[in-house]
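Student: I'd like a close look at one part of this protein. Could you pick a strand and walk me through what surrounds it?

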Amino acid sequence: MKELIISNLKEVHNRIKNACELSGRNVSDIQLLLATKTVPFEKIRIAIEAGETLIGENKMQELRDKDFGLKELNTERHFIGHLQTNKIKDVLKYVSCIQSLDRLNLAQELDRQLQKENRNLDVFIQVNTSFEESKFGLRPDEVISFIREVKKYETLNIKGLMTIGLLDVEKEKMQPSLRLLRQIRDEIYAEGIENMQPLKLSMGMSQDLELAIAEGSDMVRIGSSVFGNRFFRKRNME
Ligand SMILES: *Cc1c(COP(=O)(O)O)cnc(C)c1O
């Protein structure tokens with residue numbers, strides 16, 4: 001198991017490196033976040049001992065279950081799943097960033113809790129760039145007004161945009177949603193909203209990491225290419 005995870009990690013780093021070379025980007029500018037939903041602590045530990053530092057979880061329950069070991073290991077943890085407002089307080093115990101900010105009442109409730117705790121939080125705004133109804137995230141045309149609202153909350157540091165691109169076997173079908181996220185960022189910059197640069201793009205998963213890097217991704221979120229296929233679970237993107 002250990003050898004496999006380590007060789008998978010090498011392979012993923014190679015894919016990132018090759019994608020960077022092809023698109024003239026710097027490997028050091030791309031962060032690798034390990035998406036560890038359903039992955040047991042022991043496997044995550046192997047990746048962390050091999051040098052990884054950033055992990056993303058989708059469920060409060062899993063954050064809590066793995067916390068005993070992860071907090072010792074100096075990992076940076078992000079929340080990348082759909083966040084219900086009644087879980088905010090618990091999730092905040094474990095993460096330094098929420099990548100799935102997708103509605104105003106969530107921003108408001110986060111702010112309320114953060115004020116109580118007298119702290120700030122990094123957030124990414126999740127955008128539904130594939131227009132699939134099953135996916136969470138703001139509609140692309142809602143993003144700019146959403147940002148204007150979220151900027152009012154001083155506890156929230158808007159670090160970037162996140163999307164789950166359209167997954168398909170054909171590259172031509174996957175590319176538009178990734179490109180769209182970058183275009184949205186360009187629009188935000190063009191709006192001249194104060195202090196909105198730089199914004200990172202969190203996009204690219206096992207299936208589309210090369211494309212995502214070519215389209216400007218700053219952070220790829222990889223699960224199955226490192227840890228193997230998850231048991232199929234309905235709505236396992238949550
Ligand atoms: C599971 C998940 C990933 C990683 O997906 P893989 O295809 O396993 O690489 C990335 N982002 C989010 C939000 C996820 O839920």
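Tutor: Let's take strand β6 and its neighbours, and then look at the rest of the chain around them. Keep in mind that this is a predicted model.

Strand β6 covers residues 156–162, and five of its seven residues are buried, so you'll find it mostly covered. On one pairing, β6 is joined to strand β5 (residues 121–126) by six bridges, and the two run parallel. If you want a spot to look for, find Gln126, which stands opposite Met162 in β6. How does the chain get from β5 to β6? It passes through helix α6 (residues 143–150), making a right-handed β-α-β crossover.

Now for another pairing of β6. Strand β7 (residues 200–202) also runs parallel to β6, with three bridges joining them. Here Leu161 has Leu201 in β7 as its bridge partner. To get there from β6, the chain goes through helix α7 (residues 171–191), and this β-α-β crossover is right-handed too. A handy thing to remember while you trace any of these strands: in a regular strand, side chains alternate between the two faces of the sheet.

The connecting stretches have some quirks. Most residues other than glycine have a negative phi, and most peptide bonds are trans. Pro198 sits in the loop between α7 and β7, and the peptide bond leading to it from Gln197 is cis, with omega near -5°. Just ahead of β5, in the loop that follows α5 (104–117), you'll meet Asn118. Its phi is near 55°, which is positive even though Asn118 isn't a glycine. Asn118 counts as exposed because its relative accessibility is 70%, and the cut-off for exposed is over 50%. In the loop between β5 and α6 there's Phe131, with a positive phi of about 60° although it's no glycine either. At 57% relative accessibility, Phe131 counts as exposed as well.

Let's step away from the strands to helix α2 (residues 41–49). Its buried residues include Phe41, Ile44, Ile46, Ala47 and Ile48. Among the elements covering them are α1 (2–23), β1 (31–35), β2 (54–57), α3 (60–70) and α9. Right after α2 comes Gly51, with a positive phi of about 115°.

Helix α9 (residues 224–227) contains Val226, which counts as buried because its relative accessibility is 0%. Leaving aside residues up to four places away in sequence, Val226 touches Ile5, Asn8, Leu9, Val12 and Leu34. Leu9 is 217 residues away along the chain, yet the C-alpha atoms of Val226 and Leu9 are separated by 5.6 Å.

Finally, zoom out. The protein has nine helices and eight strands. Its radius of gyration is 17 Å, close to the 18 Å that the globule rule gives for 238 residues, so the protein is as compact as a globular protein of that length. Half the chain is tucked away, in that buried residues make up 50% of the 238. Of the contacts with a separation of 6 or more, 60% are between residues 24 or more positions apart. As for labels, an unreviewed UniProt entry lists residues 52–229 as "domain: Alanine racemase N-terminal". Over that stretch, the chain is 38% helix and 19% strand.

How values were computed: Residues are numbered from 1 along each chain as its sequence is written. This is a predicted model: local features need pLDDT of at least 70, side-chain atom pairs count only at pLDDT 80 or more; totals for chains, interfaces and linings use all residues. Side-chain values use heavy atoms; hydrogens and water are left out. Buried means under 20% relative accessible area, exposed over 50%, partly exposed in between (1.4 Å probe, protein chains only). Helices (H or I, at least four residues) and strands (E, at least two) are DSSP runs, numbered from the N terminus. Two strands pair if DSSP finds at least two bridges between them. A crossover is right-handed if, with the strands pointing away from the viewer, the path from the first strand over the helix to the second runs clockwise. UniProt positions are given in the numbering used here, feature names are shortened, and annotations may be inferred rather than shown by experiment. The radius of gyration is taken over C-alpha atoms; the globule rule is 2.2 Å times the number of residues to the power 0.38. Contact means heavy atoms within 4.5 Å.
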